[in-house]
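Visitor: I would like to learn how to read a model like this one, feature by feature. Where do we begin?

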Amino acid sequence: MTDPTAQPKLRLHNVTKTFTAPRTGQQTLAVADINLDIQAGEFICIVGPSGCGKSTVLNMIAGLDRPSSGSIEKDGTPITGPGADRGVMFQDYALMPWQTAQDNVGFGLRHGTPGQPFTPAEREARINHFVDLVGLKGAEKKYPHQLSGGMRQRVALARLLANGPDILLMDEPLGALDAQTRLILQIELLRIWGETAARTQRKTAIFITHDIDEAVFLADRVVVMSSHPGRVRAVLDIDLPRPRSESIRTHPRFGQLAEEIWELIRDEAYRAISGSTDTAPTPPETATRTATTS
Amino acid sequence: MNNGIDTSPRWSRAARGAALPLVLLVTWQVWALSLPTGSPAPAPLRVLKAAVELITTGGLLDALAQSLGRVLIGFAAALVLGIVLGVLMGSSRAVRDNLDPIVESFRPIAPMAILPIAILWFGTGTPSALAIVTYAAFFPVLVNTVHGVTRVDRKLVLAAQTMGVSRLSILIRVVLPGALPSIVLGSRLAMGVAWTAIIAAELAVGAKSGGGGSGGIGQMMFVFYAYSIDLNAIVVCMIMVGVVALLIDRLFRWLEPRLIPWKQ
């Protein structure tokens, strides 16, 4: 794969995060001892049961949260705060309700650092380009509340891409979509990420999902997390060829990988459903790999 | 009952709404006809006659314009002060903790209660009236701005931070529009109390200056009360004050969806 001696794009070293409850002062260990090197151009998917701290890890990389201990470095420099070099697509999209779809796509370009290299005309052209790219034409003058969940997600995706970040951080970005749209956008996402381009041209992507098939379909590597506290349970190389198309889902290796991931999180998923930590029912062997973890 | 939704045409609803007032007006007029001629008691037709006189030659519209002008200036001042201070208080814990005790100790003091000081400091003219209006309108704007700012979705601020938007830009581009629905509501309330306050202030200032000085519709009412005991004219003024208040409210209702088109 990549040159192991090269400096990783992102390095998480012994990252631990404890949250302190505001009134009681009670401490909760959210994630513990995360060690992970991510190479430039890699597509990483993080899967794990709810409450495993996936979002916390993403927020720390985004600079919206600080690790309680350990360090996160980007290109060898510690991350100290949020920046447009690491774009975030939030779980609930975080679109400005007072702006039309188009203005939301252009928010960073018009008001933030991503617009600095461009003239106003270039910015508008870039906004239009990404509005087209995600299929928002015709809906660009609508406000978020007038758009369906799927369309809102497209707006958030276009905004993320229009800002041209180095690293794409996506928190269950396709979670609210119907199955068909989701499949289409997965392929779109890979195309936009640069699947057909040389590895050096690709962006670095970290994608949280609870859908195992989605993770296998998209990722170069899948990070499987366990909960209470969130830890890295395993990191799997997804050695499926690229560019990937729908037909890859019928590839025997695809099924094997999905099965492997499901094995890793099955116990916790069942425990989460039964709501108990010691009397988990024995999962039936017939449980299908298409089940999700949350 | 149609689940409380009235589906009848607009004119039919308007007619139903007008029926009772019409009956009352007619009753009032009939009763007034039974009074001896020369009685000062107000009656619909006399009020109407007084209204025509006041509008054509009595300077009623000038007085209204003067009052309205004061309200607008005072309201504008309150808007700027209230929004700037409200955004600062809403977005900074430190500013809020420092200013909250002062704001909360002044807020219960009715605008009329500061009138004596206003007259002593600013005299009986326009500055006094403006001070009262600004004071009255300031608190609704401030309180609602603070409320709106503190309730802006934090995710939106975080999202802006991840797009490299500066702190000042976030205040202007995220916090302010996020708080706008609340600010608009505060403005509507502020305009209402400002209009109430100006009438009262002009009445009181008029009393202090012996009918001269301040001008405006409130002072005009005072003159009719204290010097000519013209009840019909006073009723005309009351009606005009009410009509203006209604128009102001309607204006805000019309403006609201245009100022905040993303709210339904």
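Visitor: How are α2(B) and α10(B) oriented to each other, roughly parallel or roughly perpendicular?

Guide: Keep in mind that this is a predicted model. To judge a helix pair, take the angle between the axes; 65 to 115 degrees counts as roughly perpendicular. Helix α2 (residues 44-56) of chain B packs on helix α10 (residues 231-259) of chain B at about 75°, with the axes 8 Å apart. The two helices, α2(B) and α10(B), are therefore roughly perpendicular.

Visitor: Which residues make the contact between α2(B) and α10(B)?

Guide: From α2(B) come Arg46(B), Val47(B), Ala50(B), Ala51(B) and Leu54(B), and α10(B) brings Asn232(B), Ala233(B), Val235(B) and Val236(B). By class, the contact of α2(B) with α10(B) has 7 nonpolar residues, 1 polar and 1 charged.

Visitor: How do I check the length of a helix, say α9 of chain B?

Guide: Compare an expected span with the distance between the end C-alpha atoms. Helix α9 (residues 217-228) of chain B has 12 residues, so at 1.5 Å a residue a span of 16 Å is expected; the end C-alpha atoms are 16 Å apart, which agrees.

Visitor: Which residues of α9(B) are buried?

Guide: A residue is called buried when 20 or more other C-beta atoms lie within 10 Å of its own. In α9(B) that applies to Ile217(B), Gly218(B), Gln219(B), Met220(B), Met221(B), Phe222(B) and Phe224(B). After α9(B) comes Ile229(B), with a positive phi near 40°.

Visitor: What should I make of a positive phi or a cis peptide bond?

Guide: Most residues other than glycine have a negative phi, and most peptide bonds are trans. Exceptions are therefore worth listing. In chain A, Glu172(A) is not a glycine, yet its phi is positive, about 45°. Glu172(A) sits in the loop between β7 (167-171) and α6 (179-193) of chain A.

Visitor: Is Glu172(A) buried or exposed?

Guide: Glu172(A) has 21 C-beta neighbours inside 10 Å, so it counts as buried. His228(A) also is not a glycine and has a positive phi, about 55°. With 17 C-beta neighbours inside 10 Å, His228(A) counts as partly exposed.

Visitor: Where are the cis peptide bonds in the chain A loops, starting with the one at His228(A)?

Guide: One joins His228(A) to Pro229(A), with omega about -10°. Pro229(A) is in the loop between β9 (221-226) and β10 (231-237) of chain A, and His228(A) is in the loop between β9 and β10 as well. Another cis bond joins Arg242(A) and Pro243(A), with omega about -5°. Pro243(A) belongs to the loop between β10 and α8 (252-274) of chain A.

Visitor: How do I describe chain A as a whole?

Guide: Start with the elements: chain A has 8 helices and 10 strands. The radius of gyration of chain A is 19 Å, close to the 19 Å that the globule rule gives for 294 residues, so chain A is as compact as a globular protein of that length. Its C-alpha atoms fill a box of roughly 60 × 50 × 45 Å along the principal axes. Of the 294 residues in chain A, 45% count as buried.

Visitor: And how many residues does each chain give to the contact between chains A and B?

Guide: Chain B gives 15 residues and chain A gives 23. On the side of chain B that touches chain A, α7 (154-161) and α8 (167-208) each supply at least two residues. The largest share there, 5 residues, is from α7(B). That side of chain B consists of 8 nonpolar, 5 polar and 2 charged residues.

Notes: Residues are numbered from 1 along each chain as its sequence is written. Chains are lettered from A and ligands numbered from 1 in the order in which they are written. This is a predicted model: local features need pLDDT of at least 70, side-chain atom pairs count only at pLDDT 80 or more; totals for chains, interfaces and linings use all residues. Helices (H or I, at least four residues) and strands (E, at least two) are DSSP runs, numbered from the N terminus. The expected span of a helix is 1.5 Å times one less than its number of residues. A residue is buried if 20 or more other C-beta atoms lie within 10 Å of its own, exposed if 12 or fewer, and partly exposed in between; C-beta atoms are placed from the backbone. Two residues are in contact if their C-beta atoms, placed from the backbone, lie within 7 Å. Ala, Val, Leu, Ile, Met, Phe, Trp, Tyr, Cys and Pro count as nonpolar, Asp, Glu, Lys and Arg as charged, and the others, Gly among them, as polar. Axes are lines fitted to C-alpha atoms, for helices over the stretch in contact, and angles run from 0 to 180 degrees between N-to-C directions. Angles under 35 degrees count as roughly parallel, over 145 as roughly antiparallel, 65 to 115 as roughly perpendicular and the rest as oblique. The radius of gyration is taken over C-alpha atoms; the globule rule is 2.2 Å times the number of residues to the power 0.38.
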